Amino acid sequence: MKMKKRIALLLALTMVAGMTGCGAASTETTTTDSSGTEEAAEASGETMYIPLLAKGFQHQYWQTVYAGAKDAAEKYGVELYFDGPPSETDIDAQVNMFKQELAKNPVAMGLAALSPESLYEVLDECAEKNIPVVCFDAGVPDDPSGAVVATASTDNEAAASIAAEKFGECEKLVEKMKNATPENPVVIGVIPQDAVSATQIGRGKGFVDKMKEIASQYGTVTVTGHEVWKDEADNASIIIDVEVPATTEAVSVQTVANSLLSTKGLAAVFLCNEGAVTGFLAAVSDGEDLAEGGKYAELVVAGFDAGAAQKNAVRQGWFLGSVSQNPYMIGYDAVEMCVKAAKGETVSDIDTGAVWYDASNMDDPEIAQLVYD
Amino acid sequence: MKKLSGDKIDMNKLLAPAALIILYIFFSAFGNNFFSADTFKNILEASYYIGFMAFGVTFIIITGGIDLSLGTVMMCSALLGAYTFKQGCPLILSVLLTILVGVFFGLLNGLLIAKLKLPPFIATLGTQMVSQGMGSIITKVQSQTWPTATDLTGGWFKRTFIRANLFGINGFPVGALWLLGAFVIATLILHKTKFGRYTYAMGSNEEATRLSGINVDNWKMGIYILSGLFIGMAGLMYAAAYTTITPGTGNGQEMNGITGVVIGGTSMSGGSGTMVGTLIGVFIMSVLKTGLSSCGLQAPWQTFFTGVVVILAVLMDIQRTKAANRAKK
């Protein structure tokens, strides 16, 4: 008898669990629907279901992408589902999510792929089912299936080269580069969060290439560190050192940052995303070591992306500045392009752009809206 | 009295399968397009590697041990396999190497635990880090890619392990056959051989087993090696399903395997558990995850509810043991 009771209890709990779930989801849908009813009627006869699969949720960046996507969804009367794997290395989780969303037969799908190769077969299925896929944030290069119709993303190489240009304009750093000798070289550190994603590889490359071009005016430049970017030269007086953390977690970034900080001759550091910035800040007492009179006051630092901690570091003048993409537009464009693709209109790739922000301009309205918390 | 306890055991056996079926029906009714061939295939494909891990660790948990290195060893084996393939090694050798890496770490765990008497928790915590580090070092922290289905060299990899054109079906989930095969073999070993009997005996009372003249250390080594074989296979299945393997990952994957075993009714204190329970446990987890997502619930909710199910499953296990003990008295 007791057993039966227990079975009943388990079932009841499972049901409750499930229903809370479904309940929560449907509420969300209704809100989107009701607020976008008018436009929805304008745009098309019925609500379109469009899932957007991000690379994760943990960074503010994705929240801003989500905000942009939500606004576009409201405008076009789209039932939006926004999800991402628990961490940006969970390739398997993302593949499963993508498959599950595909099984719901959406009119179009948005995708920020963690690993394009892992998704080839699922993209084939999209092509078979005639479901257009719009990539956002990162594309699927040479998509063999033809399911990917367009990509809304930042030209990462171009964006990261802005930081290198700013380093080239920084007198403190230029002076050091001029005075550097092979015996007493100056080191410029770069921390990409990983050496896997096209985004990080592109940013690293964009920065390294531009920095090399600029620094070559002052001496021989060698690029050391991780294989992906390595380009070594003998007798160099300027060393660009690209160091990749063992995992994408903040603590691993911190470890790499610490070893970089103890490198003799370190004059500048470029951090390729919010994750790299967070880990780096942890290694410099939340940025205080970079302040006037701090241990690393002389260090020139630039970041990429935004987020509360990074913005604070820029505002305090601890960072020379940072490059920001336009995450809001990435999300907005992704949904808009999905809608167009679903209706059979042709869409093409969009460069959503990037800006440089520092303490002097970060409160300008047009910059402030890009620099999310 | 005797008859009553017999009934109870039957009920216990039915509990997990019943929960699985009810979950499936529930999500079919409430999920968005949950009841479809596509979703079913998705559930299967997400379960292969977890199933292999869980089969392997079932043996270990029945002996009262634990293996925390499951996930990282799996990733390490898949990484090294892909790495050697990229370096020009024939794919078949890379496939074998993948399994061998699993066996190697099984052997290492076995040595540390059975011969050098390290507590399993500590030993496998160590090998967890060693395997993760090793994978990263050898691949120079670069992600490794297995051949995709359309690649000219090695396209057979996916066709062999994940989906193929079989029985006239395009995209037949051939991985299910591997899983089924592994399940049958694991079941036979656990329930029909001396190896299996000693596994239970060690978990119930290791000292008594030793005193009855059984070389516990050697058998234990064997168990960890066998588990390593399954984990190497899990690496292959993971590679076939997800293609790209990222260094530095795998932490936390071991919990997928262990959770499946626990939901399936295997006691963490050892001495009891079944292979069929593990299989069902793995599927309960996959159905739950896929189902919650079909209800529009995002990843954090899926993790949350999986946690709730684990707690419930273990609570019921405790109640069950209590009831069984009472019946014995």
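Here are some questions and answers about a predicted model, covering parts of chains A and B.

Me: How is chain A split into domains, and how far apart do the C-alpha centres of domain 1 and domain 2 lie?
Reply: The domain assignment gives chain A a domain 1 made of 43–154 + 327–353, and a domain 2 covering 156–325. Taking the C-alpha centres of domain 1 and domain 2 of chain A, the distance comes out at 31 Å.

Me: And which helices of chain A each supply at least two residues of the side of domain 1 that touches domain 2?
Reply: The contact draws 13 residues from domain 1 of chain A and 13 residues from domain 2 of chain A. On the domain 1 side, the helices that each give at least two residues are helix 3 (60–76) and helix 12 (327–342) of chain A.

Me: Which strands stand at the edges of the six-stranded sheet in chain A?
Reply: That open sheet has the order 2-1-3-4-5-12, with parallel pairing. An edge strand has a single partner strand, so one side of it is left without a neighbour in the sheet. Here that goes for strand 2 (78–83) and strand 12 (350–351) of chain A.

Me: Which residue stands opposite Leu53(A) in strand 3 of chain A?
Reply: Strand 1 (residues 48–53) and strand 3 (residues 109–111) of chain A pair in the parallel sense, over two bridges. Across from Leu53(A), in strand 3 of chain A, you'll find Leu111(A).

Me: At about what angle does helix 4 of chain A run to strand 1 of chain A?
Reply: Helix 4 (residues 91–103) of chain A lies across strand 1, strand 2 and strand 3 of chain A. Relative to strand 1 of chain A, helix 4 runs at about 175°.

Me: What about the seven-stranded sheet in chain A: by how much are neighbouring strands turned against each other on average?
Reply: This one is an open sheet too, ordered 7-8-6-9-10-11-13, and its pairing is mixed. Strand 7 (221–225) and strand 13 (354–357) of chain A stand at its edges. Ignoring direction, the average turn between neighbouring strands is 15°.

Me: Over in chain B, how far apart are the end C-alpha atoms of helix 7?
Reply: Helix 7 (residues 175–192) of chain B has 18 residues, so at 1.5 Å a residue the span should be 26 Å. The model agrees with that, as the end C-alpha atoms are apart by 25 Å.

Me: Why are the buried residues of helix 7 of chain B on the same side, and what arc do they cover?
Reply: The buried residues are Gly175(B), Trp178(B), Leu179(B), Ala182(B), Ala186(B) and Leu190(B). They sit on the same side of helix 7 of chain B because, around the axis, they cover an arc of only 95°.

Definitions and conventions
Residues numbered from 1 in each chain as written. Chains lettered and ligands numbered in written order. Predicted model: local features only at pLDDT ≥ 70, side-chain atom pairs only at ≥ 80, totals over all residues. Helix = DSSP H or I, 4+ residues; strand = E, 2+ residues; numbered from the N terminus. Expected span 1.5 Å × (residues − 1). Buried ≥ 20, exposed ≤ 12 C-beta atoms within 10 Å, placed from the backbone. Arc of directions from axis to C-beta. Pairing = 2+ DSSP bridges. Axes fitted to C-alpha atoms, helices over the stretch in contact; angles between N-to-C directions. Domains from an automatic or database assignment. Contact = placed C-beta atoms within 7 Å.
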